[in-house]
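User: I am new to this structure and would like a close look at a single part of it, the sheet, together with whatever packs around it. Please take me through it step by step.

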Amino acid sequence: ARHRADGVLEFLGRADFQVKIRGFRIEPGEVEAALLAHPEVREAIVLAREDSPGNKRLVGYVTARTASLDTLALRAFLQQRLPEYMVPSALMVLEALPLTPNAKVDRKALPAPEARPELRPFLPPSSSTEVRLASLWCELLGLSQVSALDDFFELGGHSLLATRLVSRLRATFQVELPLRAL
């Protein structure tokens, strides 16, 4: 903050990296520390991205000590150590973090997460019901396709989108599905 010449105190912004996502205040450094606690993670950066308007989410970028870092295992590791809202919706393994000429991490050069990360093998929907469900998921998550094996939350879904999905399921299938079932 600073005092202006007219005596008004002007707020200039935060000096830390704290972000607010879906009503939760999150310190990315805490998530980075949890990622670094994993034995196969060498470096980690976490930031909030809004690649599609109104859909701000946490994305974790890591470099690995080994060639075979399993993102599903890493997600499970984080879920044991962090509250649900602090687990990044996307985890990306990079060969190296991009650096500025001053050898600091260039956060602006970090790539956008893949539209549909390869979490599991792709299994196309096999029935008309699965096709309609997949269509709803794609619409809400902004994806071109989903697998019958995918997890709504691992693809970037969150509690607000889950509520919208339950509402659309009710309208599409005339069925009352409790949010807990999703």
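Analyst: What follows is a walk through the sheet, strand by strand, and then through the helices and aromatic pairs.

Please keep in mind from the start that this is a predicted model. The sheet is an open one, built from three strands in the order β5-β6-β7, and the pairing within it is mixed. Because β5 (41-49) and β7 (90-94) stand at the edges, each with a single partner strand, one side of each is left without a neighbour in the sheet. From one strand to the next, the twist averages 20°.

The mixed character becomes clear when the two pairings are taken in turn. Strand β6, which covers residues 57-64, runs antiparallel to β5, and eight bridges join the two. Along this pairing, E43 stands opposite T63 of β6, while V46 faces G60 of β6. On the other side, β6 pairs with β7 in the parallel sense, over five bridges, and here T63 stands opposite L94 of β7. T63 can therefore serve as a landmark when you look at the model, since it stands opposite E43 and also opposite L94 in β7, with β6 placed between β5 and β7 in the strand order.

How many of the residues of β6 are buried? The strand is mostly covered, for eight of its eight residues are buried. This holds for both faces of β6: R57, V59, Y61 and T63 lie on one side, L58, G60, V62 and A64 lie on the other, and all of them are buried.

Two helices belong to this picture. Helix α1, made of residues 28-36, packs on the sheet and touches β5, β6 and β7, with a direction that makes about 150° with that of β5. Helix α2, made of residues 71-81, lies across β5, β6 and β7 as well, and it runs at about 125° to β7.

A single residue of the edge strand shows how these pieces meet. L91 is found in strand β7, and it counts as buried because its relative accessibility is 13%, under the 20% cut-off. Not counting residues up to four places away in sequence, L91 touches L35, G60, T71, L74, R75 and L78. L91 also lies 8.9 Å from L58, C-alpha to C-alpha, although the two are 33 residues apart in sequence.

Among the contacts of L91 is R75, a residue placed in helix α2. R75 is likewise counted as buried, with a relative accessibility of 5%. Leaving aside neighbours within four places in sequence, R75 is in contact with V87, P88, S89, A90 and L91, and with E154 as well.

Beyond the sheet, the model has two aromatic pairs. In one of them F24 and Y85 are stacked, at 4.0 Å centre to centre and with 10° between the planes. This pair links distant parts of the chain, since F24 belongs to strand β4 (residues 24-26) and Y85 to the loop between α2 and β7, 61 residues apart. Both rings are partly open to the outside in the sense used here: F24 counts as partly exposed at 38% relative accessibility, and Y85 is partly exposed at 29%.

The other pair, W137 and F152, is edge-to-face, with 5.4 Å centre to centre and 70° between the planes. It too links distant parts of the chain, W137 lying in helix α3 and F152 in the loop between α3 and α4, 15 residues apart. Here both residues are buried, W137 with a relative accessible area of 15% and F152 with one of 3%.

W137 leads on to the remaining helices. The axes of α3 (residues 128-141) and α4 (residues 159-173) come within 11 Å and cross at roughly 145°, and the crossing is right-handed. W137 takes part in the contact from α3, along with residues including L133, L136 and L140, while α4 contributes residues including L161, L165 and L169. In total, the residues of this contact divide into nine nonpolar, two polar and four charged.

Technical notes: Residues are numbered from 1 along each chain as its sequence is written. This is a predicted model: local features need pLDDT of at least 70, side-chain atom pairs count only at pLDDT 80 or more; totals for chains, interfaces and linings use all residues. Side-chain values use heavy atoms; hydrogens and water are left out. Two strands pair if DSSP finds at least two bridges between them. Helices (H or I, at least four residues) and strands (E, at least two) are DSSP runs, numbered from the N terminus. Axes are lines fitted to C-alpha atoms, for helices over the stretch in contact, and angles run from 0 to 180 degrees between N-to-C directions. Contact means heavy atoms within 4.5 Å. A crossing is left-handed if the near helix is turned anticlockwise from the far one by less than a right angle, and right-handed if clockwise. Ala, Val, Leu, Ile, Met, Phe, Trp, Tyr, Cys and Pro count as nonpolar, Asp, Glu, Lys and Arg as charged, and the others, Gly among them, as polar. Rings of Phe, Tyr and Trp (its six-membered ring) pair if their centres lie within 6.5 Å; planes under 30 degrees apart count as stacked, over 60 as edge-to-face and the rest as tilted. Buried means under 20% relative accessible area, exposed over 50%, partly exposed in between (1.4 Å probe, protein chains only).
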